[in-house]
Amino acid sequence: MFSTEDTIVAIATPPGRGGIGVVRLSGPDATRVAAALLDREAPLVARHATFARVVERAARTTGDAIDRPVDQVVATWFAGPESYTGEDVVEISGHGSPVLLRRIVELAMGEGARLAEPGEFTLRAYLNGRLDLPQAEAVADLVDAVTPLQARAAMDQLEGTLTGEIARIDEALLDLTARLEASLDFPEEGFHFLESAEAAGALAAVADSLERLALDGRAGRVVREGCLVAIVGRPNAGKSSLFNALVGSARAIVTDIPGTTRDLLTERVDIGGLAITLVDTAGLRTAGDVIEAEGVHRARKAQEVAALSLLVMDGSAPLSGEDYAILAEAGTPRQVVISKADLPRAWDEDPEVRRVGSDGIARVSSVTGDGLEELRRRIVRHLADREDLREPPVISNVRHLALVDQARDAVARARAALASGATEELVLIDLTLARRALEEITGRRGPEELLAHIFSRFCVGK
Ligand SMILES: Nc1nc2c(ncn2[C@@H]2O[C@H](COP(=O)(O)OP(=O)(O)OP(=O)(O)O)[C@@H](O)[C@H]2O)c(=O)[nH]1
Ligand SMILES: [Mg+2]
């Protein structure tokens, strides 16, 4: 791990030019380093934004007799431990020029500050107990969010929704553990602190909560990570038109010549809050030339890696052998889309289309926009297993989900052990493993906490 004894410095705003740019200092020497850089009469006052000048001191510049001004800035001192990192933090807001900001960082380094590693401010916040692990991870998610739903999910996590939910489950497990341990410690009294039926009931409730979290996580992962949706179909089916309609701009070339699209086109779209990478592909058919053949090959590859394929069938022209070939292919989850709904129908019912579209067919017109909203809802349902995503999922990070799965497995084993009349020791082993997994989510573990819990709840020997 990185050292936490020294003072770190970094540019906190994105690369490039902007109205302002922020240089952040954190560590025991933050105020000393800032004072050395800043030209002002009075010292900084905690939590007050103060106008100052960053200067290169005369003694340090080559032969200059006077301090040389570098930038006019606003400096703010957040006194530790009530700061983001829990240490003394000074933020210097200068003009947003990379040259100026780099110079300020260099001057701070000249005063003994070290260039911060990526994420090091947040790491310090975690190490100093200002954030737990899910909250620290939420900071990164919040910065990375590309859809408002992603931002809301990250914000909830930062506010502690997941931490709270894990704490609630852990509390129930801790309570069970404490009582089973007490039964173990005082066997001669022939008294059980916990009857097995009660333990089974409590464990069932915990299993339920973990199950719900895992279920929520399926949608959560898609929200956090986004996914790939491929649009496939025979030439001229209306794929590029649908792509454009979903993207909201005329990104792909549309013509009535079959074989217009030859390469893959991708665009990121927000569908029901999900960050979807939508892929338009070449029409699937036995290709006429090498370029088209490569396009068809790429279309098939895209379909293989996509989380969902939209199979576009032209509703205004009779189904062809190419359509049937596409319908016959098994593989990734598929949604049948009948296109050109504004034109007279060339066919109505088809057993093969009905088979593949057994969970519903979307009829859309990319010209009028009819059916697009319903198609978006269907896409969300396929990918996130739910009707809508008005409420952001509580859990979304694979690290957390893997640990929830571990806890679920351990609780399932504990339940089985309890049901088969196993000893308290055996049940306790799995409860401990379940708790360990949960505590790994929040990054907090400690046996002394278990002892404190036992003593706070029981008055054994009194
Ligand atoms: N009326 C109507 N015409 C449509 C609709 N969608 C597509 N078309 C027309 O159908 C033709 C083919 O559309 P594209 O979107 O280029 O079809 P494609 O599946 O991408 O075709 P390839 O790239 O050649 O595989 C064009 O003339 C479009 O204007 C629709 O919803 N309504
Ligand atoms: Mg096309």
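**Group meeting: the surroundings of ligand 1**

Hi everyone, let me start right at the ligand: a polar backbone atom of G259 lies 2.7 Å from an oxygen atom of ligand 1. Please keep in mind that this is a predicted model.

Two further contacts belong with that one. T261 contributes a polar side-chain atom, 2.8 Å from an oxygen atom of ligand 1. At T255, a polar backbone atom is 3.4 Å from an oxygen atom of the ligand. As for cover, ligand 1 on its own has 650 Å² of accessible area, and the protein covers 88% of that.

So where does ligand 1 sit? You'll find ligand 1 in the second largest pocket. Around the ligand there are 22 residues, and the closest are K239, S241, G259, T260 and D342. G259, then, is on that list of closest residues as well as offering the backbone contact I opened with.

What is the make-up of that shell? Eleven of its residues are polar, seven are nonpolar and four are charged.

Now, a quick look at the aromatic side of things. How many aromatic pairs does a search of the whole structure find? The answer is zero. There is a ring with a charge to show you, though: R24 places its charged end over the ring of F121, at 5.3 Å from the ring's centre.

That's my tour, thanks for listening!

Technical notes:
Residues are numbered from 1 along each chain as its sequence is written. Chains are lettered from A and ligands numbered from 1 in the order in which they are written. This is a predicted model: local features need pLDDT of at least 70, side-chain atom pairs count only at pLDDT 80 or more; totals for chains, interfaces and linings use all residues. Side-chain values use heavy atoms; hydrogens and water are left out. A residue is near a molecule or strand if one of its heavy atoms lies within 4 Å of it. A polar contact is a pair of N or O atoms within 3.5 Å; within protein, one must be able to donate a hydrogen and the other to accept it, and residues adjacent in sequence count only if both atoms are side-chain atoms. Accessible areas come from the Shrake-Rupley method with a 1.4 Å probe; for residues, only the protein chains shown count as cover. On a 1 Å grid over the protein atoms alone, a cavity is a set of points where a 1.4 Å probe fits but cannot get out, and a pocket is an open set with protein on both sides within 12 Å along at least five of seven lines; lining residues have an atom within 4 Å of a point. A molecule sits in a cavity or pocket if more than half of its atoms lie within 2 Å of its grid points. Ala, Val, Leu, Ile, Met, Phe, Trp, Tyr, Cys and Pro count as nonpolar, Asp, Glu, Lys and Arg as charged, and the others, Gly among them, as polar. Rings of Phe, Tyr and Trp (its six-membered ring) pair if their centres lie within 6.5 Å; planes under 30 degrees apart count as stacked, over 60 as edge-to-face and the rest as tilted. A charge sits over a ring if NZ of Lys or CZ of Arg is within 6 Å of the ring centre and within 35 degrees of the ring normal.
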